[in-house]
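Ready to find your way around a new fold? Grab a pencil, keep the viewer open, and work through the exercises below one at a time.

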Amino acid sequence: MATGAVPASFTALKSRDLKGISFAKSSDFVRVSDLQRIKFRRTKIAVVRNSGNPGSETVELEPASDGSTLLVPRQKYCESIHKTIRRKTCTVMVGNVALGSEHPIRIQTMTTTDTKDVAGTVEQVMRIADKGADIVRITVQGRKEADACFEIKNSLVQKNYNIPLVADIHFAPPIALRVAECFDKIRVNPGNFADRRAQFEKLEYSEDDYQKELEHIEQVFTPLVEKCKKYGRAMRIGTNHGSLSDRIMSYHGDSPRGMVESAFEYARICRKLDFHNFVFSMKASNPVIMVQAYRLLVAEMNVLGWDYPLHLGVTEAGEGEDGRMKSAIGIGTLLMDGLGDTIRVSLTEAPEEEIDPCRRLANLGMRAAELQKGVTPFEEKNRRYFDFQRRTGQLPLQKEGEEVDFRGVLHRDGSVLLSVSLDQLKAPEILYKSLAAKLIVGMPFKDLATVDTILLRELPPVDDKDARLALKRLIDISMGVITPLSEQLTKPLPNALVMVTLKELSSGAHKLLPEGTRLVVSVRGDETQEELEILKTTDAIMILHDLPYAEEKTSRVHAARRLFEYLSENSLNFPVIHHIQFPKGIHRDDLVIGAGTNAGGLLVDGLGDGILLDAPHQDFDFLRNTSFNLLQGCRMRNTKTEYVSCPSCGRTLFDLQEISAEIREKTSHLPGVSIAIMGCIVNGPGEMADADFGYVGGAPGKIDLYVGKEVVKRAIAMEHATDALIELIKDHGRWVEPPVEE
């Protein structure tokens, strides 16, 4: 008999079917046999079913964290917490391309042409294939588009292009049935395939009502499953955070739990019909939500004994470095945990431009899994996998008698540090501007997005008065200046922060410094427990986690997790800055992807207080902007307007790239404001779940404007829509005038 388990604190348990429910008290859990759904006070909670896994007799659920209402499986969400091991999956065939753990991570994208334009779509698919994509998705919204798909497929085959094609389906079961006859894979969105578009109403469902809706889904979905079996097609059950049904949200909220349950409703139908050629996806525009949803999905699949592959993606990531960074944070985090079998980097750019960053990410993940990069095994007790809880280090406190204010060397919402050279000190005003400081009569002042602290590996000579004056002016505005111990001992700089290694701490070399000198400790994270013990004796202002980038076998992500576990277990609350030293000549995309994966993969778990990206000969402004993008992408420090921008497809009702650039140009100076720029509303207003304002294609040449999930203005002529958006922002008191260039 399959058994579920819920915390003993759940005292008021009800079920749709109470027959056969038995209770076995233990100190921590009440066990509930054959439980389908429970009710705790007024909150209904889906309990994991494991009826298909006879090898696991008990499903144990626990709160995701202290006080959390989210129940999660105790079982693991990845193969290993201390190294990258690819999650074992079955193989799913998409045409002639195999997906799964025994195969390379596959790369895919989506066309942006009108699907009815057969020649244009064929040409774009060919360009994408020539760039190296393994799979291409095409939107299919109606009968005419479905008919065009047959021509598209035949034309590509005649041109010797056998790349698998995927039909993207929303709200159209009959269209899915039609196109399954020619395309290799069908993507269905559980939020809108059989359910109506969400109205974001809090609906009350009786147990009978809920069951009737599940029966309706099965009735609508079964013909497609049967057809995919008949033709040997694959399927993606692709949940979007922005398009969950009212029914799902009424039970589970607009949450990772709801995303997983939405997909499982469809997966259970597939399994009932003995169809297993499918993959899952859990997409969101917020990388933190996306990571949590995939982890919860895998944890529950492990409970059930399911081994279906994963399609990874951050939806509506945006364009340029912003889009690449968001994708790297979400996808890279999961790849380091060994999760993911096919990926798409969704950018508001031409689809063929997605392939290169996608390949770089896939290579990063496959390399980590091939080498099984990691650290010595350790027990992990404090990291929260399924809900975000930030570990906040103790910010610097002012000590009596100190001449300068050290409280500003770190920022409470996440700090940006940059490495500065002696050459940059030769032109102080240019340096101040590069650090994004305000200049008033040539004097620097900190602003919203000013760098918090700099690292100066070499101090200017003691007699270089101009360079030292420039540094003093930075220190006077509470900007930290970090320099190595050897430099400070030979060319002391008043009020500098002195960087020491664990070996230097152990040797006592730092005791040569004046009493009260503020220390910064550089740590690799893979040291022995004995070597880390010296941290208990120091009053460091911060720790720099610095593992050489060229390390072949040691994983930066796992080494940092090990370090944070040590700090938590020993109640050491030093702020920790992720210091990544990139090799000379690194490609910009590799730098963004490396930072998003290796630092973002920790920040999304609440581990870390800032970032120091060190890259010789890279543009200084690029490094600063990338650092702030990383913090904002991890939902930490907000220093500019946030954009939720879809990548465009055949449904898009305007030139998304052009309009997106126009809106960004006029609104990019609004930190704390989030704007969704959507080509259409296919996934419903839930796509604006993370946005304050929405600019959405409503009809050809017409734009609808949203505030949150509510449409407030319809059918605005496109030539006036950007100005109308600005007026809407002003009406809600969120507008400020752009700063005047000096």
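**Exercise 1. Find the nonpolar patch on the surface, then check how Met443 sits in it.**

Solution. Start with the members: Ile440, Val441, Met443 and Phe445 make up a nonpolar surface patch. Together these four have about 400 Å² of accessible area. Next, place Met443, which belongs to strand 20, residues 443-445. Now for its exposure: the relative accessibility of Met443 is 33%. Buried would need under 20% and exposed over 50%, so Met443 counts as partly exposed.

**Exercise 2. Take stock of the whole chain.**

Solution. Bear in mind that you're looking at a predicted model. Count the elements and you get 20 helices and 32 strands in the protein chain. Then look at burial: 61% of the 742 residues count as buried. For the surface, the chain exposes about 28,900 Å², with carbon and sulfur atoms supplying 49% of it. Last, look at contacts between residues at least 6 apart in sequence: 70% of them join residues at least 24 apart.

**Exercise 3. Work out the strand order of the eight-strand sheet and say which strands stand at its edges.**

Solution. Trace the open sheet from one side to the other and you read 15-14-13-12-11-10-17-16, with parallel pairing. The edges belong to strand 15 (278-283) and strand 16 (311-312). Each has a single partner strand, so one side of each is left without a neighbour in the sheet.

Zoom in on the strand 16 edge. Strand 16 pairs with strand 17 (residues 342-343) in the parallel sense, over two bridges. There, Leu312 stands opposite Ile343.

Now add the helices. Helix 7 (residues 287-304) lies across strands 15 and 16 and runs at about 145° to strand 15. Helix 9 (residues 355-371) lies across strand 10 (106-110) and strand 17, at about 155° to strand 10.

**Exercise 4. Stay with that sheet and describe strand 12: is it mostly covered or open, and which way do its residues point?**

Solution. Strand 12 covers residues 165-169, and five of its five residues are buried, so you can call it mostly covered. A handy rule helps with the directions: in a regular strand, side chains alternate between the two faces of the sheet. Here, Leu165, Ala167 and Ile169 point one way, while Val166 and Asp168 point the other way.

Then check a neighbour. Strand 11 (residues 135-139) pairs with strand 12 in the parallel sense, over four bridges. Thr139 has Asp168 in strand 12 as its bridge partner.

**Exercise 5. Do the same for the five-strand sheet: give its order, its edges and its twist.**

Solution. This open sheet runs 28-29-30-31-32, and its pairing is mixed. Strand 28 (642-645) and strand 32 (710-717) stand at the edges; each has a single partner strand, so one side of each lacks a neighbour in the sheet. From one strand to the next, the twist averages 20°.

Now look at strand 29 (residues 674-678). Five of its five residues are buried, so strand 29 is largely enclosed by the rest of the structure. Ser674, Ala676 and Met678 point one way from it, and Ile675 and Ile677 point the other.

What about its partners? Strands 28 and 29 run parallel and are joined by four bridges, with Glu642 opposite Ser674. Strand 30 (residues 693-699) also pairs with strand 29 in the parallel sense, over four bridges, and here Ala676 stands opposite Gly694.

**Exercise 6. Locate Thr483 and list what it is in contact with.**

Solution. You'll find Thr483 in strand 22 (residues 480-484). Its relative accessible area is 0%, so Thr483 is buried. Leave aside its neighbours within four places in sequence, and the contacts of Thr483 are Leu456, Leu459, Gln488, Ala496, Leu497, Val498 and Met499. Try one distance yourself: Val498 is 15 residues from Thr483 in sequence, and their C-alpha atoms are 5.2 Å apart in space.

Notes
Residues numbered from 1 in each chain as written. Predicted model: local features only at pLDDT ≥ 70, side-chain atom pairs only at ≥ 80, totals over all residues. Heavy atoms only, no water. Buried < 20%, exposed > 50% of the residue type's maximum accessible area, 1.4 Å probe, protein only. Contact = heavy atoms within 4.5 Å. Areas by Shrake-Rupley, 256 points an atom, 1.4 Å probe, with all protein chains shown as cover. Patch = residues over 30% accessible without salt bridge, like charges linked within 9 Å, V, L, I, M, F, W, Y side chains within 5 Å. Salt bridge = Lys/Arg side-chain N within 4 Å of Asp/Glu carboxyl O. Pairing = 2+ DSSP bridges. Axes fitted to C-alpha atoms, helices over the stretch in contact; angles between N-to-C directions.
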